[in-house]
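Dear colleague,

I am handing over the structure we spoke about, and my notes on it follow. Please read them with the coordinates open beside you.

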Amino acid sequence: MEQIVQQIEAYKQEISAFEPKNADELEQYRIKFLGTKGIVKAIFGEMKQVPNERKKEFGQILNAFKQLAEERYETFAHLKDAAASGTNDIDYTLPAEPHRLGTRHPISIVRNKIIRIFERLGFTIAEGPEIEDDWHNFTALNLPENHPARDMTDTFYINQNPDWLLRTHTSSVQVRAMENSKMPIRIICPGRVYRNETISARAHCFFHQVEGLYIAENVSFADLKQTLYHFVKEMFGENSEVRFRPSYFPFTEPSAEMDVTCFICGGKGCSVCKHTGWVEILGCGMVHPEVLRNCGIDPEKYTGFAFGMGIERITMLKYQIKDLRLFSENDQRFLKQFETAL
Ligand code: DAH
């Protein structure tokens, strides 16, 4: 036993003199003294050779030794922390990790562009609820009760109330604006709309529209044409031309659909415009007198025009996107491509 005590004294001196310069030296020390095969453990193992009457005395010596070895280790533990967090070798001159910003969704890019053009003309943004009632979505807009658009197969109705539905177009916002606003009204209404369609590359159960409405005294079809002509030049470029084709919407009279010069081939004819040189982008017309009356506006005094366009349709044409489902799948590989279009 005397021999072991002597040995412990020697170790104690070694420990007290131990001054590690780095985490490596500290680790060597830990393995040597405190590791599972280390000296402290080995010396504790000597206990069984000590005669019983001296076990208490030897135990005290051992505990003091162990404590010293541990304390010395703790004194330099900061070396280890520093190595772990890398504070010792950070190069502050290196460029920072780039913070990757999310990219704007192509539908948002096109919607914002449309809105900005009309804002510059003095239109303000109006929004309405996506859950609408029959009046605002259909009846006030002159859609007769037996109109096919009201069919359950075309429109999502809300179970709790047969009068409620998911709006099928943003024209419902027109009605709300006309009911509530003072004259003149000059609004642009972007929003999501819903239709009970089987999802495919060309149809989805929800999509986005932008509705426009201008009501004042003496608004004419010429104003409608000029406004939309300006929009097209801003949106698709100076060389774009427009053409209006007579059409039918229950809420406008007369009604028209507007085509623009195909912005892929410039009017020469390609697969996007089906070799016609034109692509259809919106429906429009003079607000029907019955619709004005339904909303408490005197059609003898006021007239107005309205138009509505699908954002997906314009986005698909603009970026030549072939499948509508890509817009709602949130596939990063698809969305990342529009980074530069910000
Ligand atoms: N609401 C029509 C649709 O969903 C689009 C539309 C056409 C809106 C003509 C209008 C308009 O305001 O005048 O297909």
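**Helix α8 and the ligand site**

The buried residues of helix α8 are S171, S172, V173, Q174, V175, A177 and M178. Please keep in mind throughout that this is a predicted model. Seven of the 10 residues of α8 are buried, so this helix is largely enclosed by the rest of the structure.

Helix α8 also takes part in the surroundings of the ligand, since α8, β5 (206-216), β8 and β9 (303-310) each supply at least two residues of the shell around the ligand. That shell has 15 residues, of which H169, S171, R195, Q209 and E211 come nearest; S171 is thus one of the nearest residues and is also one of the buried residues of α8. Sorted by class, the shell is made up of five nonpolar, eight polar and two charged residues.

Which atoms of the protein lie 2.6 Å, 3.2 Å and 3.4 Å from an oxygen atom of the ligand? At 2.6 Å there is a polar side-chain atom of E211, while at 3.2 Å there is a backbone N or O atom of A306, and at 3.4 Å a backbone N or O atom of F307. Of the 360 Å² of accessible area that the ligand has on its own, the protein covers 88%.

**Backbone geometry**

As general background to what follows, most residues other than glycine have a negative phi, and most peptide bonds are trans. Two peptide bonds that precede a proline deserve a look in this respect. The bond from M183 to P184 is cis, with omega near -10°, and P184 is placed in the loop between α8 (171-180) and β4 (185-194). The bond that joins E253 and P254 is also cis, with an omega of about -5°, but here the proline, P254, lies within a strand, namely β7 (residues 252-261).

Positive phi values are found at K274 and at H275, neither of which is a glycine: phi is near 50° for K274 and about 60° for H275. K274 is in the loop between β7 and β8 (278-287), and H275 is found in the loop between β7 and β8 as well. Are these two residues buried or exposed? K274 is exposed, with a relative accessible area of 63%, and H275 is likewise exposed, with a relative accessible area of 61%.

**Cysteines**

A disulfide is a covalent bond between the sulfur atoms of two cysteines. How many disulfides does the structure hold? The number is zero. For C295, the closest cysteine sulfur is that of C189, and because the two sulfur atoms are 12 Å apart, they are too far from each other for a bond. C295 itself is buried, with a relative accessible area of 6%.

**Domains**

Finally, turning to the chain as a whole, the assignment divides it into domain 1 (2-87) and domain 2 (106-338). The C-alpha centres of domain 1 and domain 2 lie 81 Å apart. By residue number, helix α8 (171-180) falls in domain 2 (106-338), and the residues that come nearest to the ligand, H169, S171, R195, Q209 and E211, also have numbers inside the bounds of domain 2.

With best regards

Note on methods
Residues are numbered from 1 along each chain as its sequence is written. This is a predicted model: local features need pLDDT of at least 70, side-chain atom pairs count only at pLDDT 80 or more; totals for chains, interfaces and linings use all residues. Side-chain values use heavy atoms; hydrogens and water are left out. Helices (H or I, at least four residues) and strands (E, at least two) are DSSP runs, numbered from the N terminus. Buried means under 20% relative accessible area, exposed over 50%, partly exposed in between (1.4 Å probe, protein chains only). A residue is near a molecule or strand if one of its heavy atoms lies within 4 Å of it. A polar contact is a pair of N or O atoms within 3.5 Å; within protein, one must be able to donate a hydrogen and the other to accept it, and residues adjacent in sequence count only if both atoms are side-chain atoms. Accessible areas come from the Shrake-Rupley method with a 1.4 Å probe; for residues, only the protein chains shown count as cover. Ala, Val, Leu, Ile, Met, Phe, Trp, Tyr, Cys and Pro count as nonpolar, Asp, Glu, Lys and Arg as charged, and the others, Gly among them, as polar. Domain bounds come from an automatic or database domain assignment. A disulfide is a pair of cysteine sulfur atoms within 2.5 Å.
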